[in-house]
Amino acid sequence: MSGYDYNKIAKTALKLITKFGSTQKIRRTTLTQTNPWETPTTSDTDYTCEAVITSYNSREIDGVNILATDRRAVVPAAGLAIVPVSTDRLIVDSVTYTIKNVKHIKPASVVIAYELQVRTA
């Protein structure tokens with residue numbers, strides 16, 4: 001659909017996920033090393049996000065790629081300071097989940113939300 005405003009849908013997604021979801025954190029660890037002879041240091045940065053957390057449908061669970069304990073987190077792209085990647089972690093009510101997979105929900109060039117497959121660390 002040419003000329004359609006997908007940014008409006010992204011804002012609506014943010015509004016709905018904020019209303020029906022909860023505030024969580026995406027944690028990103030960065031490695032810094034000033035000089036090659038120094039031991040690298042890591043630092044964690046938390047990015048606040050809204051998220052809806054659900055379980056996977058039994059038909060989706062295959063025991064290999066998706067486990068029964070995995071969760072699906074839908075995070076709106078609007079207002080998010082970073083693009084989630086599989087090396088990030090999702091903190092849900094003080095429980096740390098590793099991000100196994102990130103899907104970009106985008107009907108065109110605008111990302112509406114991110115679907116994260118997360119697993120307890």
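# A guided look at strands, cores and a turn

Visitor: Why is Y4 called partly exposed?
Guide: Its relative accessible area is 42%, and the label covers values between the 20% limit for buried and the 50% limit for exposed, so Y4 is partly exposed. Do keep in mind that this is a predicted model.

Visitor: And what makes Y6 buried?
Guide: Buried means under 20%. Y6 has a relative accessible area of 16%, so it is buried.

Visitor: How do you know that Y4 and Y6 form an aromatic pair, and what makes it edge-to-face?
Guide: A search of the whole structure finds one aromatic pair. In that pair, Y4 and Y6 lie 5.0 Å apart, centre to centre, with 65° between their planes. Ring centres must lie within 6.5 Å, and planes over 60 degrees apart count as edge-to-face, so the pair of Y4 and Y6 earns both names.

Visitor: Let us move to the hairpin of β4 and β5. What is notable about the phi of D93?
Guide: D93 has a positive phi of about 50°, although it is not a glycine. Most residues other than glycine have a negative phi. D93 lies in the loop between β4 and β5, in a hairpin with two residues between the strands. S94 is also in the loop between β4 and β5, and its phi is positive too, near 70°.

Visitor: Why are D93 and S94 called exposed?
Guide: The limit for exposed is over 50%. D93 has 61% relative accessible area and S94 has 72%, so both count as exposed.

Visitor: How do you know that β4 pairs with β5?
Guide: Two strands pair if there are at least two bridges between them. β4 (residues 89-92) and β5 (residues 95-105) have four, in the antiparallel sense, so they pair. With strand β1 (residues 22-32), β4 pairs over three bridges, again antiparallel. R89 shows both links: R27 stands opposite R89 in β4, and T98 in β5 is the bridge partner of R89.

Visitor: What makes E115 buried?
Guide: E115 has 16% relative accessibility, below the 20% limit, so it counts as buried. It is found in strand β6 (residues 113-120), where seven of the eight residues are buried.

Visitor: Which residues stand across from E115 in the paired strands?
Guide: V74 has E115 as its bridge partner in β6, and K103 stands opposite E115 as well. β3 and β6 pair in the antiparallel sense over six bridges, while eight bridges join β5 to β6, which also run antiparallel.

Visitor: Why is the link between E115 and R72 called a polar contact?
Guide: The side chains of E115 and R72 are joined at 3.3 Å. The limit is within 3.5 Å, with a possible donor and acceptor, so the pair qualifies. R72 is also among the residues in contact with E115, including Y56, A73 and N101.

Visitor: Which residues touch the most other members of the largest nonpolar core?
Guide: L90 and L116 do, in a core of 16 residues. The elements giving two or more residues to this core are β2 (41-55), β3 (71-76), β4, β5 and β6. A second, separate core of five residues includes Y6, A10, A13 and V110. As for L116, its contacts beyond four places in sequence include Y56, R72, P84 and I99.

Key
Residues are numbered from 1 along each chain as its sequence is written. This is a predicted model: local features need pLDDT of at least 70, side-chain atom pairs count only at pLDDT 80 or more; totals for chains, interfaces and linings use all residues. Side-chain values use heavy atoms; hydrogens and water are left out. Buried means under 20% relative accessible area, exposed over 50%, partly exposed in between (1.4 Å probe, protein chains only). Contact means heavy atoms within 4.5 Å. Rings of Phe, Tyr and Trp (its six-membered ring) pair if their centres lie within 6.5 Å; planes under 30 degrees apart count as stacked, over 60 as edge-to-face and the rest as tilted. A nonpolar core is a set of buried Ala, Val, Leu, Ile, Met, Phe, Trp, Tyr and Cys residues joined through side-chain atoms within 4.5 Å.
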